[in-house]
Amino acid sequence: VLPSPDRPAPSVSITEIRQYLRAQDIPFHDGYSCLHTPSLFTGDRGDQPLSANAPFTLFIDKTTGSFLCTATLAEGTWQDFQANVEMRLRGVTPIPPASSEETEEEMRQAREDARCIWERALPLWELLDEKETKETKALFGISQVTDATLKRFGVRYLRTARSLVFPWFSPQDATLKGLKLLRVEKKGGTITYVEETLPRFDSYRNLFGLPLIGRRDTELVLTGWELDALALHQAAGVASLALPRGASCLPPTLLPYLEQFKRITLWLGEDLRSWEAAKLFARKLSLKRCSLVRPGNLQPRPLEALNQGLNVTKILRSALLASHKSIVSFRQLREEVFGELVNTEQVSGVKWARFPELNKLLKGHRRGELTIFTGPTGSGKTTFISEYALDLCMQGVCTLWGSFEINNVRLAKIMLTQFAGRRLEDQLELYDEWADRFEELPLYFMTFHGQQNIKTVIDTMQHAVYMYDITHVVVDNLQFMMGHEHLSVDR
């Protein structure tokens, strides 16, 4: 029904990867989160050994073993990589692992739709009159962003949808591969930003601003929003990129494009969830090269800092190093303690919108906590927990479901009904509209059912945490996962 982190491919250790590369005479060097090798898919063919003088454009993820060639955009698992090495040894031209024809067709259609929208969109400074341009900029809070900055990043405006349009150009040949549309919704006094991506978010691998990065750039600021990347470049003249899913996820397939940077500053947003995400992403990117901008009154998100006339360069200089020794003094913790006191509401976790009474009991969803719900069969545990998880998921908490008692189709039906707030079986014409909106949630299902080996389940969870930055895991229920014969054993 939705993307499911199937049982991970057989795990491979970094030691095994290095041994295999040495045994096959493949030159490589160690990067921050990937090993770099010459590509199997470019240059000389046949059974010639790969030359150490060739550009090292193939990147192997140290955690999963999956690879990406930035020159040809070929990607695949560690098993695919080994299969291609074997083909090469036999003198056969390696073939990049292909995606299914259906997926290819969907991607082609999405790119065609993106191209049509892109051609209809206008550069902001070319709107009919200056008044419309000023009003549009004010609506998105970018009055301080100059036309030169918008032009440099290729930002356009789609008048019919009242949306800003951010392009995704291929790093390989600068062709248009997709778009992100951003519109503003006003409800009462609050303003919310609504994003839409083409192609769909799970295949939208864009790092906004990537074509503007030079080969010699060694320092980067990573942001969670396209408008922040514009503000950073304008205010501090630094190389800046925006993540496609903001602070909710850093897909491992993007790591190869970040390998060239010796220093990365993460400035993802102005709340504590962005701060938590920055610490999580820094571990993926290698702690020793990362610095984090801590949210605070004088350190809002980059666009806000530009609008308030704050010194953006000074804020960047004050970023905290992500790596730390095993022992710290209070002096080093002082700022963090102050941050927790200032943001007491946020420290208590992500609040449930539908369950105010639950907020009084649990204070909110906090990472690193275990909550156990008990009750007799048929008392509504699954129904309640599916709504409890859905509530958090709708607020951007990446959620992994392990439903060992009921199958995923039935669970997804329950959650979709709760999400729509109506009986869809009586209004089938609305199904596609609600299903499209439901698909956008950061929600994943494990494909297990009934009794399972505990190690396999934990391996799958760890895989999902690395791949999708999961911060909330639901196991329903423990008894079914463990099997009835283990109930007497303290596990």
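Visitor: Let's start with Lys 177. Which strand is Lys 177 found in?
Guide: Bear in mind that this is a predicted model. The strand in question covers residues 176–187, and Lys 177 is found there. Its name is strand S9.

Visitor: Which side chain of opposite charge is nearest to Lys 177, and how far away is it?
Guide: Lys 177 is buried yet has no salt bridge. A salt bridge would need a side-chain nitrogen within 4 Å of a carboxyl oxygen. The nearest side chain of opposite charge is Glu 75, at 7.4 Å.

Visitor: Then what is Lys 177 in contact with, leaving aside its neighbours within four places in sequence?
Guide: Among its contacts are Leu 73 and Trp 168. Arg 111 and Ser 170 are on the list too. The remaining names are Leu 198 and Pro 199.

Visitor: Staying in strand S9, which residue forms a salt bridge with Lys 180?
Guide: Side chains of opposite charge can pair when their charged atoms come close. For Lys 180, the closest N and O atoms of the pair are 3.3 Å apart. Lys 180 lies in strand S9 and its partner in strand S10 (residues 190–198), so the pair ties together parts 15 residues apart in sequence. The partner is Glu 195.

Visitor: Are Lys 180 and Glu 195 buried or partly exposed?
Guide: Lys 180 has 1% relative accessibility, so Lys 180 counts as buried. Glu 195 is at 37%, so Glu 195 counts as partly exposed.

Visitor: How many salt bridges does a search of the whole structure find?
Guide: The Lys 180 and Glu 195 pair is a salt bridge, and so is the pair of Lys 137 and Asp 147. Arg 18, Asp 30 and Lys 62 are linked in a network of salt bridges. The search of the whole structure finds 23.

Visitor: Where do Lys 137 and Asp 147 sit, and how many residues apart are they?
Guide: Their closest N and O atoms are 3.2 Å apart. The pair links distant parts of the chain, with Lys 137 in helix H4 (residues 130–139) and Asp 147 in helix H5 (residues 147–153). Lys 137 is buried because its relative accessible area is 10%, while Asp 147 counts as partly exposed at 33%. In sequence they are ten residues apart.

Visitor: On to Ser 33: buried or exposed?
Guide: Ser 33 is found in the loop between strand S1 (29–30) and strand S2 (34–37). The cut-off for buried is under 20% relative accessible area. Ser 33 has 4% relative accessibility, so Ser 33 counts as buried.

Visitor: Ser 33 touches Glu 259 and Arg 289. What do the side chains of Glu 259 and Arg 289 meet in?
Guide: Glu 259 is in the loop between strand S12 (240–242) and strand S13 (263–267), and Arg 289 in the loop between helix H7 (272–285) and strand S14 (290–292). Glu 259 is buried, with a relative accessible area of 5%, and Arg 289 counts as buried at 2%. At 3.9 Å, N to O, the two meet in a salt bridge.

Visitor: Last stop, the open sheet of three strands: what is the order?
Guide: The edge strands are S17 (443–445) and S18 (472–476), each pairing on one side only. Three bridges join strand S16 (residues 399–403) to S17, and Trp 401 has Phe 445 in S17 as its bridge partner. The pairing is parallel, and the order is S17-S16-S18.

Technical notes: Residues are numbered from 1 along each chain as its sequence is written. This is a predicted model: local features need pLDDT of at least 70, side-chain atom pairs count only at pLDDT 80 or more; totals for chains, interfaces and linings use all residues. Side-chain values use heavy atoms; hydrogens and water are left out. Helices (H or I, at least four residues) and strands (E, at least two) are DSSP runs, numbered from the N terminus. Buried means under 20% relative accessible area, exposed over 50%, partly exposed in between (1.4 Å probe, protein chains only). Lys and Arg count as positive and Asp and Glu as negative; His and the chain ends are not counted. Contact means heavy atoms within 4.5 Å. Two strands pair if DSSP finds at least two bridges between them.
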